[in-house]
Amino acid sequence: MLSITGLAKRHGPHQVLHDVTFHALPGRVTAFLGPNGAGKSSTLRILLGLDRATAGTALVDGRPYRALRDPLRTVGSMLDGPGAHRSRTARNHLSWVARAAGVPQRRVDEVLAQVGLAGAGRTRVGRFSLGMGQRLGLATALLGEPRALVLDEPVNGLDPEGIRWIRGLLRGHADAGGTVLLSSHLMGEVAGVADDVVLLAGGRVVAAGLLTDVTAGHASLEDAFFALTTTTEATR
Amino acid sequence: MSAPPARVVTAELVKLRGLPAVVGVVLGTPVVAATLAAAHAAAAAAGASAGGLALATVPYLQVATVLVGVLAAGTEHAGRQIATTLTVTPARWRHLAAQSLAVAATSALTACAGLAAALTAAAAWGPGDGVPGARSGVRPLLGALVALVLVGLLAHAVTVLTRSLVGALVATLTLLLVVSPLVAAVTEHARWLPDRAGSLLYLPGRDPVLGPVGGGLVLVAWVAAAVLAAGCASARRDV
């Protein structure tokens with residue numbers, strides 16, 4: 001389980017996150033939604049131990065990410081696309097990650113095939129399209145066969161077939177008992193796969209819960225989001 | 001600093017091998033070193049030793065180990081690879097130690113190849129003793145190897161600190177190739193600069209104050225200070 005509690009983050013005079021609290025549960029796909037600049041990436045970066053929170057905690061199965069013994073076997077993550085230097089080959093990138101994480105090298109071929117890059121292992125990352133870069137990022141996340149997946153904007157740059165494929169992959173992971181937390185500013189693209197949603201605006205959680213509860217009384221998730229953010233702005 | 005597991009060091013070596021620029025530096029260095037040594041040999045006076053001619057290429061070989069150090073850390077920040085690196089190995093000091101060891105090993109390989117090529121070229125084309133190292137001895141060559149590895153580590157630490165490939169490369173090469181010779185022309189205190197101090201490892205007796213051990217220790221102190229600053233910075237700041 002991923003638990004975010006009372007998270008706050010300040011960059012100089014700018015308060016990026018205000019008391020952000022939510023959970024992502026095993027067996028469920030949790031969509032973390034909000035416009036660009038809402039604080040989604042900041043939250044995920046703190047969860048993954050990359051940035052430090054000003055206040056609050058972000059825990060993976062009750063422990064901070066940095067305290068995990070083999071983090072890649074517990075949480076697979078993707079931030080900012082492939083996360084590989086453009087001059088390396090996809091295979092070299094996955095190979096060093098596997099070594100550092102203590103994952104057998106055979107997983108490199110397995111994940112390349114799983115994400116549809118079996119023929120592109122020797123291609124340099126700089127020659128990848130946006131969608132291929134996303135697939136390489138996903139391959140890195142899947143390398144350690146983790147229980148939890150944390151993905152920042154995974155559908156960015158994917159074509160409709162790719163979006164359909166990733167929805168199937170995430171659904172399968174959750175149905176097998178895994179935890180999936182994905183962020184997106186494209187509400188419609190992830191509404192079809194999410195069980196739970198967390199709506200973030202201006203660094204604050206404006207709604208969190210079952211997709212069906214959050215969207216109740218609204219035509220779509222997007223309508224619900226705008227209705228909720230308008231109310232929040234009005235009451236502040 | 002916690003010791004990095006061997007697998008993290010191996011991963012850093014795989015990472016370096018995957019960078020075409022690093023492979024280019026390792027393979028290109030012997031060619032450049034041999035050419036330089038041959039040029040020095042052609043211009044050298046009769047009686048110049050092959051070892052001495054090879055050691056004359058060390059200031060240029062520094063560029064190679066600087067490149068290894070700068071590329072290892074600088075490419076982490078081009079394309080946000082650093083996020084992948086630190087999600088796999090979240091312990092900042094452990095990762096820094098592992099990457100430093102990989103840089104040291106790759107710098108040593110590059111320096112060995114460069115020095116061996118320079119020595120061979122100097123022996124082949126030089127006017128000297130013909131048997132490489134016969135007169136100068138092996139110790140200055142080992143000293144040069146140590147100095148080159150330490151310079152590579154210094155460049156690496158500066159890059160971790162600045163998080164900029166170009167910035168660190170310009171800063172380090174300016175220090176070694178511009179500032180150091182200029183300061184040396186003005187004051188004897190230039191001996192405390194990292195490369196000047198390090199040069200006493202392979203040019204002993206050049207300085208009245210520092211011997212080879214003293215010079216080596218001054219360079220080690222520079223490297224230790226830079227690694228400490230880099231480690232503290234990366235442990236504290238957001239990625």
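**Values set against definitions in a two-chain model**

Visitor: Why is B:Val179 called partly exposed?

Guide: The model is predicted, and its relative accessible area for B:Val179 comes to 31%. Buried requires under 20% and exposed over 50%, with partly exposed in between. The value of 31% falls in that middle range, and B:Val179 is therefore classed as partly exposed. The residue belongs to helix H8 (residues 165-186) of chain B.

Visitor: What makes B:Leu177, B:Val178, B:Val179 and B:Leu182 a nonpolar patch?

Guide: A patch admits residues with over 30% relative accessible area and no salt bridge, and nonpolar side chains are joined within 5 Å. B:Val179, at 31%, passes the area threshold. Together the four residues present about 330 Å² of accessible area on the surface.

Visitor: How do you know that helix H4 of chain B has the span expected of a helix?

Guide: H4 (residues 58-74) contains 17 residues, and 24 Å separate its first C-alpha from its last. The expectation, at 1.5 Å a residue, is also 24 Å, to which the span is close.

Visitor: What makes H4(B) largely enclosed?

Guide: Of its 17 residues, 13 are buried, so the rest of the structure largely encloses H4(B). One residue of this helix is B:Gly74, whose relative accessible area is 2%. Since buried means under 20%, B:Gly74 qualifies.

Visitor: Which residues are in contact with B:Gly74, apart from its neighbours within four places in sequence?

Guide: They are B:Thr159 and B:Leu165. Contact here means heavy atoms within 4.5 Å. By comparison of positions along the chain, B:Ala39 is 35 residues from B:Gly74, and their C-alpha atoms are separated by 33 Å.

Visitor: Why does B:Thr57 count as buried?

Guide: Its relative accessibility is 0%, and the limit for a buried residue is under 20%; B:Thr57 therefore counts as buried. It occupies the loop between helix H3 (50-55) and H4 of chain B. Neighbours within four places in sequence being left aside, B:Thr57 has contacts with B:Ala33, B:Leu36, B:Ala37, B:His40 and B:Ala118.

Visitor: Why is the pairing of A:Asp196 with A:Arg28 called a salt bridge?

Guide: The criterion is a side-chain nitrogen of Lys or Arg within 4 Å of a carboxyl oxygen of Asp or Glu. The closest N and O atoms of A:Asp196 and A:Arg28 are 2.7 Å apart, so the pair meets the criterion. Over all chains, the structure holds 18 salt bridges.

Visitor: What does the pair of A:Asp196 and A:Arg28 tie together?

Guide: A:Asp196 lies in strand S9 (residues 196-201) of chain A, whereas A:Arg28 lies in the loop between strand S2 (14-24) and strand S3 (29-33), so the bridge ties together parts that are 168 residues apart in sequence. With a relative accessible area of 10%, A:Asp196 is buried; A:Arg28, with 25%, is partly exposed.

Visitor: How do you know that B:Lys15 and B:Glu12 form a salt bridge, and what separates them in helix H1?

Guide: Their N to O distance is 3.0 Å, and the limit is 4 Å; the pair therefore qualifies. They are three residues apart in helix H1 (residues 6-17) of chain B, which means about one helical turn between them. An α-helix has 3.6 residues a turn, so residues three or four places apart point the same way. B:Lys15 and B:Glu12 are both buried. In chain A, A:Arg45 and A:Asp51 meet in a salt bridge at 3.2 Å, N to O, and both of these residues are buried as well.

Visitor: What makes the phi of A:Glu145 worth stating?

Guide: Phi is near 45°, a positive value in a residue other than glycine. A:Glu145 is placed in the loop between helix H5 (130-142) and strand S7 (148-152) of chain A. Its relative accessible area is 53%, and since exposed means over 50%, A:Glu145 is exposed. It is also linked with A:Arg106, A:Arg107 and A:Glu110 in a network of salt bridges.

Visitor: Where does B:Arg163 lie, and is it buried or partly exposed?

Guide: B:Arg163 is found in the loop between helix H7 (139-162) and H8 of chain B. Its relative accessible area of 33% makes it partly exposed. B:Arg163 is not a glycine, yet its phi is positive, at about 55°.

Methods:
Residues are numbered from 1 along each chain as its sequence is written. Chains are lettered from A and ligands numbered from 1 in the order in which they are written. This is a predicted model: local features need pLDDT of at least 70, side-chain atom pairs count only at pLDDT 80 or more; totals for chains, interfaces and linings use all residues. Side-chain values use heavy atoms; hydrogens and water are left out. Helices (H or I, at least four residues) and strands (E, at least two) are DSSP runs, numbered from the N terminus. The expected span of a helix is 1.5 Å times one less than its number of residues. Buried means under 20% relative accessible area, exposed over 50%, partly exposed in between (1.4 Å probe, protein chains only). Patches are made of residues with over 30% relative accessible area and no salt bridge: like charges are joined within 9 Å, nonpolar side chains (Val, Leu, Ile, Met, Phe, Trp, Tyr) within 5 Å. Accessible areas come from the Shrake-Rupley method with a 1.4 Å probe; for residues, only the protein chains shown count as cover.
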